[in-house]
Amino acid sequence: MLRWVAAVLRRSCLAPRAGSMFYAVRTGRRSGVYRTWAECREQVNRFPAACFKKFNTEEDAWAFVRQRPEAAGADNPPAVTQENDSQGEEPEINTLCCNACKRPFEQSTNEEHIAKRVKHEEVHSEPTVSEDKFSYMGDFTVVYTDGCCSGNGRNRARAGIGVYWGPGHPLNTSERLPGRQTNQRAEIHAACKAIEQAKSQNIKKLIIYTDSQFTINGITSWVDNWKTNGWRTSSGASVINKEDFQRLDNLSKGIEIQWMHIPGHAGFQGNEEADRLAREGASKQLS
């Protein structure tokens, strides 16, 4: 009896906690890693040949996203069918790769008429662009931002911002960061620049890919508490990047933004290009 109780307790301790899973979408409306099944389902439901999987760690999830389809399929368990997914609940099986489906996910009639929708396969190729040279996923315009700083924290630090809209896009930006030269400020101001450009083009829905989890957490989780607390942290200290986040918060009004974290220096074309532009910007003189 004691052994049985010990085994049950051991299994419960080792089981992933609720909310701790990572959902990797290799092929869907927007490839990437998501924290909830609801977010993942939005990307794969009724998407042709969707490929997605649940993981315990973010590292394993991103490895799955980067994996080429031909190297993945043979060892995967059977995929779910449309009937499993239609109830809105998370399928019980762990691998949901539809390359081997007997009946692939169906594309909705509405999606067939979205002229600017593209299939996001950032891992394997450059973004697909429309006639206006913007990249789209659904009705969201896609942009990659990055910031860098050589000698971060030192007197002679040089910071730059990079904004990448697509191959040869006229809005691609490489600029030196004005003011205090830090990596975190560069990341924030790169996002600010992208939003300013989006608004100048009358873009209403924007996906920002950035490798700065600090920027994403700041604008999506921390900024409201900071404002409530008089721009002080939970420990009572002043927010170091107050003016930068104030600017980002103000710019984020009047436009629908989805913030997406992407690993830096992991071979993602858009992120690599934004990084290149940021490094070029850091080498420029302050105007």
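Visitor: Let's start with Tyr144: is it buried or exposed?

Guide: Happy to begin there. This is a predicted model, and in it Tyr144 has a relative accessibility of 3%, so it counts as buried, the cut-off being under 20%.

Visitor: Which residue forms an aromatic pair with Tyr144, and how is the pair arranged?

Guide: The general idea is to look at two values, the distance between ring centres and the angle between ring planes. Tyr144 pairs with Tyr164 at 6.5 Å centre to centre, with 50 degrees between the planes, and the pair is tilted. It links distant parts of the chain, as Tyr144 is in strand β6 and Tyr164 in strand β7, 20 residues apart. Tyr164 also counts as buried, because its relative accessibility is 3%.

Visitor: How many aromatic pairs does a search of the whole structure find?

Guide: There are 12. Another one to look at is Phe55 with Phe64: the centres are 5.5 Å apart and the planes meet at 50 degrees, so this pair is tilted. Phe55 is buried at a relative accessible area of 13%, and Phe64 is buried at 4%. Phe64 has a further neighbour, since Arg26 lies over the face of its ring at 4.0 Å from the ring centre. Elsewhere, Phe214, Trp222, Trp226, Trp231 and Phe245 form one aromatic cluster.

Visitor: Now the nonpolar core. Which residues of the largest one touch the most other members?

Guide: Tyr144 comes back here. Phe52, Tyr144, Ile207 and Tyr209 have that role among the 30 residues of the largest nonpolar core. Elements that each supply at least two residues of this core include strands β1 (22-27), β3 (51-55), β6 (140-150) and β9 (205-210), and helices α2 (37-44), α3 (58-66) and α9 (269-282). There is also a second, separate core of 27 residues, and among its members are Ile188, Ala191, Ile219 and Trp226.

Visitor: What does Ile207 touch, leaving aside residues up to four places away in sequence?

Guide: Its contacts are Arg30, Met137, Phe140, Thr141, Val142, Val143, Gln258 and Met260.

Visitor: And Leu248, where is it found?

Guide: Leu248 is in helix α8. It counts as buried because its relative accessibility is 0%. Leaving out residues up to four places away in sequence, Leu248 touches Ile188, Ala191, Cys192, Ile195, Thr215, Ile219 and Trp259. For Ile219, the separation from Leu248 is 29 residues in sequence but 7.5 Å in space, C-alpha to C-alpha.

Visitor: How should I read a helix such as α6, and what span should its 18 residues have?

Guide: Begin with the general rule: an α-helix has 3.6 residues a turn, so residues three or four places apart point the same way. Then check the length. Helix α6 covers residues 183-200, and at 1.5 Å a residue it should span 26 Å; its end C-alpha atoms are 26 Å apart, which agrees. Buried residues in α6 include Ile188, Ala191, Cys192 and Ile195, each of them also touched by Leu248.

Visitor: What happens at the start of α6?

Guide: A side-chain oxygen of Thr182 comes within 3.1 Å of the backbone nitrogen of Arg185.

Visitor: And which residue takes a positive phi just after α6?

Guide: In general, most residues other than glycine have a negative phi. Here Asn202 takes a positive phi of about 60 degrees. Asn202 lies in the loop between α6 and β9, and it counts as exposed because its relative accessibility is 54%. Trp231 has a positive phi of about 60 degrees too, although it is not a glycine. Trp231 sits in the loop between α7 (213-228) and α8 (242-251), and with a relative accessible area of 11% it is buried.

Visitor: One last loop: what does the side chain of His169 reach?

Guide: It reaches the backbone nitrogen of Leu171 at 3.0 Å. His169 lies in the loop between β7 (158-164) and β8 (173-176), and Leu171 has its place in the loop between β7 and β8. His169 is buried at 6% relative accessibility, and Leu171 is buried at a relative accessible area of 17%. Leaving out residues up to four places away in sequence, Leu171 touches Phe134, Val163, Trp165, Gln197 and Gln201. Leu171 and Phe134 are 37 residues apart in sequence, yet 9.6 Å apart in space, C-alpha to C-alpha.

Technical notes: Residues are numbered from 1 along each chain as its sequence is written. This is a predicted model: local features need pLDDT of at least 70, side-chain atom pairs count only at pLDDT 80 or more; totals for chains, interfaces and linings use all residues. Side-chain values use heavy atoms; hydrogens and water are left out. A nonpolar core is a set of buried Ala, Val, Leu, Ile, Met, Phe, Trp, Tyr and Cys residues joined through side-chain atoms within 4.5 Å. Buried means under 20% relative accessible area, exposed over 50%, partly exposed in between (1.4 Å probe, protein chains only). Helices (H or I, at least four residues) and strands (E, at least two) are DSSP runs, numbered from the N terminus. Contact means heavy atoms within 4.5 Å. A polar contact is a pair of N or O atoms within 3.5 Å; within protein, one must be able to donate a hydrogen and the other to accept it, and residues adjacent in sequence count only if both atoms are side-chain atoms. The expected span of a helix is 1.5 Å times one less than its number of residues. Rings of Phe, Tyr and Trp (its six-membered ring) pair if their centres lie within 6.5 Å; planes under 30 degrees apart count as stacked, over 60 as edge-to-face and the rest as tilted. A charge sits over a ring if NZ of Lys or CZ of Arg is within 6 Å of the ring centre and within 35 degrees of the ring normal.
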